[in-house]
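I opened this notebook to keep track of what I looked up, going from helix crossings to charged pairs and then to the surface.

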Amino acid sequence: MIELRHLRYFIAVAEELNFRRAAERIHIDQTPLSRTVRDLEERLGVVLFVRTPRRLQLTPAGIKLLNHARGLFIRLERTKRVVRETDARHREPLRIGVDDSTAQPKLAECLTRWQAVSPSIPLELTEMGATELLAGLRSEEVDVGFSLGLPGDEAIAQEPAWVSPVVALLPLVHELAAREVISLSELFSFPAIACNAAYHPGLCQQMEAIFRQHSLAPMIAGEARTLTGYLTRVAAGQGVGVADADHMRALRRTDVVVVPLAEPVHFTTYVLHKRRRNGRPESLQRFLTHATDFH
């Protein structure tokens, strides 16, 4: 049986027309190289080279074999590439649940960079509410989640991914709308719009922490379940509000005035995953490292 080794050695000799240079090229001794070429000739029952003291020359059979052998290795490499690409397409994707109120460009940038460094590991995105995301992580229907936070659960790890400054939101005609910067105490001296804790538990927890830190007790004028509803209430003049700067840059609402806060407060976006007794799959661990190192 002719092996790929026979053809690989033959091509080296046929292209160099010198056994010494061919041996150096493929990093073997000249003796086993010569022996392999003779073995190939015997198996084919033909003479591939005309050997003289001064030169080595291909016979017509050798020229024909060289052309076919080169084509064989080209087809082999194409076959290997197709098989690898097919394997990559059929690999299990990382299933990512995204809080359905998340519209941060940083999330898209994080996922884009991941696909650039790990193109063989596909991502499958699903938008979810907080309750659905928590259930999906527990049941392992999703591998990773992104959210401003979920209710505490010992089975679910929540690691900071990135932060975004908190900004003030005001209706166009508000008396503070022309200010270049506003303090939290000034902002929340006016009635405020709150988010619904059942729909956005993490965001509400982060807001409550800011209120406690700055000894604030705002009067709540209304409550919203969605970010769109929250901004609409502010735009309609029902109350003031806050949001993270990244969301507001993404949404670009012209009916809401965005003003920086005097205090350096921020909202944190978390990457979430289920704690596993037997360790995490290598692809999942790599993604978690990527997400928590991303800035």
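The entries below follow the order in which I looked things up.

Entry on the model. I kept in mind throughout that this is a predicted model.

Entry on helix crossings. I looked up α1 and helix α2 (residues 19-26), and found that their axes come within 8 Å and cross at roughly 130 degrees, which makes α1 oblique to α2. The crossing of α1 past α2 is right-handed. I then turned to helix α5 (residues 105-117) and helix α11 (residues 282-293), whose axes come within 10 Å and cross at roughly 130 degrees, and I noted that this crossing is right-handed.

Entry on salt bridges. How many salt bridges does the structure hold? I found 17. I looked up E15 and R70, which form one with their closest N and O atoms 3.0 Å apart; E15 sits in helix α1 and R70 in helix α4 (residues 60-89), 55 residues apart along the chain. I also noted that E15, E16, R21, R25 and R70 are linked in a network of salt bridges.

For R276 and D143 I found a salt bridge of 3.7 Å, N to O, joining parts of the chain that lie 133 residues apart. D143 is buried, with a relative accessible area of 10%, whereas R276 is partly exposed at 25%.

D246 and R249 pair at 2.4 Å, N to O, and both lie in helix α10 (residues 245-251), about one turn of the helix apart. I recorded D246 as buried at 4% relative accessible area and R249 as exposed at 52%.

Entry on the surface. I found a nonpolar surface patch of about 200 Å², made by I2, L44 and V46; I2 lies in the segment before α1.

How values were computed. Residues are numbered from 1 along each chain as its sequence is written. This is a predicted model: local features need pLDDT of at least 70, side-chain atom pairs count only at pLDDT 80 or more; totals for chains, interfaces and linings use all residues. Side-chain values use heavy atoms; hydrogens and water are left out. Patches are made of residues with over 30% relative accessible area and no salt bridge: like charges are joined within 9 Å, nonpolar side chains (Val, Leu, Ile, Met, Phe, Trp, Tyr) within 5 Å. Accessible areas come from the Shrake-Rupley method with a 1.4 Å probe; for residues, only the protein chains shown count as cover. A salt bridge is a side-chain nitrogen of Lys or Arg within 4 Å of a carboxyl oxygen of Asp or Glu. Helices (H or I, at least four residues) and strands (E, at least two) are DSSP runs, numbered from the N terminus. Axes are lines fitted to C-alpha atoms, for helices over the stretch in contact, and angles run from 0 to 180 degrees between N-to-C directions. Angles under 35 degrees count as roughly parallel, over 145 as roughly antiparallel, 65 to 115 as roughly perpendicular and the rest as oblique. A crossing is left-handed if the near helix is turned anticlockwise from the far one by less than a right angle, and right-handed if clockwise. Buried means under 20% relative accessible area, exposed over 50%, partly exposed in between (1.4 Å probe, protein chains only).
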